[in-house]
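The following exercises concern helix packing, a nonpolar core and backbone conformation. Each task is followed by a solution in steps.

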Amino acid sequence: MRRAASLLLVAALPGLSACGEANMDDQARAKTWDRNPFFPRQITMRQPVPGTVPRVDPAREAPQPQTIGRDLIDRGRERYGVFCTPCHGQDGRGGGMIVARGFPPAGDLTAEPLRRAPAAEIYGVIGNGRRAMFGMAQMIPSADRWAIVAYVRALQLSQDAVVASLPPDDRARLEATR
């Protein structure tokens with residue numbers, strides 16, 4: 001009896017080894033545009049369920065704002081604080097806490113070449129990244145990227161500003177803080 005079982009097992013082994021490995025790429029499945037007799041209209045692609053809420057793609061680009069107001073700059077300051085400060089620092093000069101902990105140096109947002117750069121270029125770098133900076137398009141919605149650009153422009157103007165060029169009330173407040 002044992003001998004018969006052993007022979008049966010030895011005879012079955014070649015058949016079991018022929019099973020191969022499962023390959024997820026090589027299986028029966030329906031592609032988006034295939035005909036599918038399972039569904040009433042015989043198409044695979046289905047309409048969304050009624051009541052489905054569309055998901056907005058944060059990476060989708062929005063047009064550049066025509067006007068820059070206080071609300072946009074305030075939103076930009078808030079978003080800059082969340083997404084940009086860790087690398088670029090509060091002042092935008094590139095000395096954030098991540099850099100202090102050994103991450104590659106961040107770009108100086110107040111440097112002259114960036115001051116001359118078009119707003120669309122800054123917007124593109126925020127979304128797509130450059131050098132050590134990775135793209136943030138999937139994390140920062142397009143409108144917020146434009147708000148950050150507006151705040152960076154305000155930040156650039158605030159750095160190394162000539163005190164004499166300030167309005168008198170701002171000059172007085174600055175003198176009071178010294």
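**Exercise 1.** Determine how helix H6 (residues 119-128) and helix H7 (residues 142-158) are arranged in this predicted model, and which residues form their contact.

*Solution.* Step 1: the axes of H6 and H7 come within 9 Å and cross at roughly 125°. Step 2: angles of 65 to 115 degrees count as roughly perpendicular and those over 145 as roughly antiparallel; H6 and H7 are therefore oblique to each other. Step 3: the crossing of H6 past H7 is right-handed. Step 4: H6 contributes Ala 119, Ala 120, Ile 122, Tyr 123, Ile 126 and Gly 127 to the contact, and H7 contributes Ser 142, Arg 145, Trp 146, Ile 148, Val 149 and Arg 153. Step 5: by class, these residues comprise eight nonpolar, two polar and two charged.

**Exercise 2.** Classify the packing of helix H2 (residues 70-83) against H7 and describe the residues involved.

*Solution.* Step 1: the axes of H2 and H7 lie 7 Å apart, at an angle of about 95°. Step 2: this angle falls in the range 65 to 115 degrees, so H2 and H7 are roughly perpendicular to each other. Step 3: on the H2 side, the contact consists of Leu 72, Ile 73, Arg 75, Gly 76, Arg 77, Arg 79 and Tyr 80. These meet residues of H7 that include Ala 147, Ile 148, Tyr 151, Val 152 and Leu 155. Step 4: the contact of H2 with H7 divides into 10 nonpolar, one polar and four charged residues.

**Exercise 3.** Which residues touch the most other members of the largest nonpolar core, and which helix supplies its largest share?

*Solution.* Step 1: the core has 17 residues, among which Tyr 80, Ile 126, Ile 148 and Val 149 touch the most other members. Step 2: at least two residues of this core come from each of H6 and H7. Step 3: H7 provides the largest share, six residues. Step 4: beyond four places in sequence, the contacts of Tyr 80 include Leu 109, Ile 148, Tyr 151, Val 152, Leu 155 and Thr 85.

**Exercise 4.** Is Thr 85 buried or exposed, and how does Arg 131 stand in the same respect?

*Solution.* Step 1: Thr 85 belongs to helix H3 (residues 85-88). Step 2: its relative accessibility is 13%, so Thr 85 counts as buried. Step 3: outside its neighbours within four places in sequence, Thr 85 contacts Tyr 80, Gln 90 and Gly 96. Step 4: Arg 131 lies in the loop between strand S1 (129-130) and strand S2 (133-134). Arg 131 is exposed, with a relative accessible area of 79%. Step 5: most residues other than glycine have a negative phi. Arg 131, although not a glycine, has a positive phi of about 50°.

Conventions: Residues numbered from 1 in each chain as written. Predicted model: local features only at pLDDT ≥ 70, side-chain atom pairs only at ≥ 80, totals over all residues. Heavy atoms only, no water. Axes fitted to C-alpha atoms, helices over the stretch in contact; angles between N-to-C directions. Helix = DSSP H or I, 4+ residues; strand = E, 2+ residues; numbered from the N terminus. Parallel < 35°, antiparallel > 145°, perpendicular 65-115°, else oblique. Left-handed = near helix turned anticlockwise from the far one by under 90°. Contact = heavy atoms within 4.5 Å. Nonpolar A, V, L, I, M, F, W, Y, C, P; charged D, E, K, R; others polar. Buried < 20%, exposed > 50% of the residue type's maximum accessible area, 1.4 Å probe, protein only. Core = buried A, V, L, I, M, F, W, Y, C linked by side-chain atoms within 4.5 Å.
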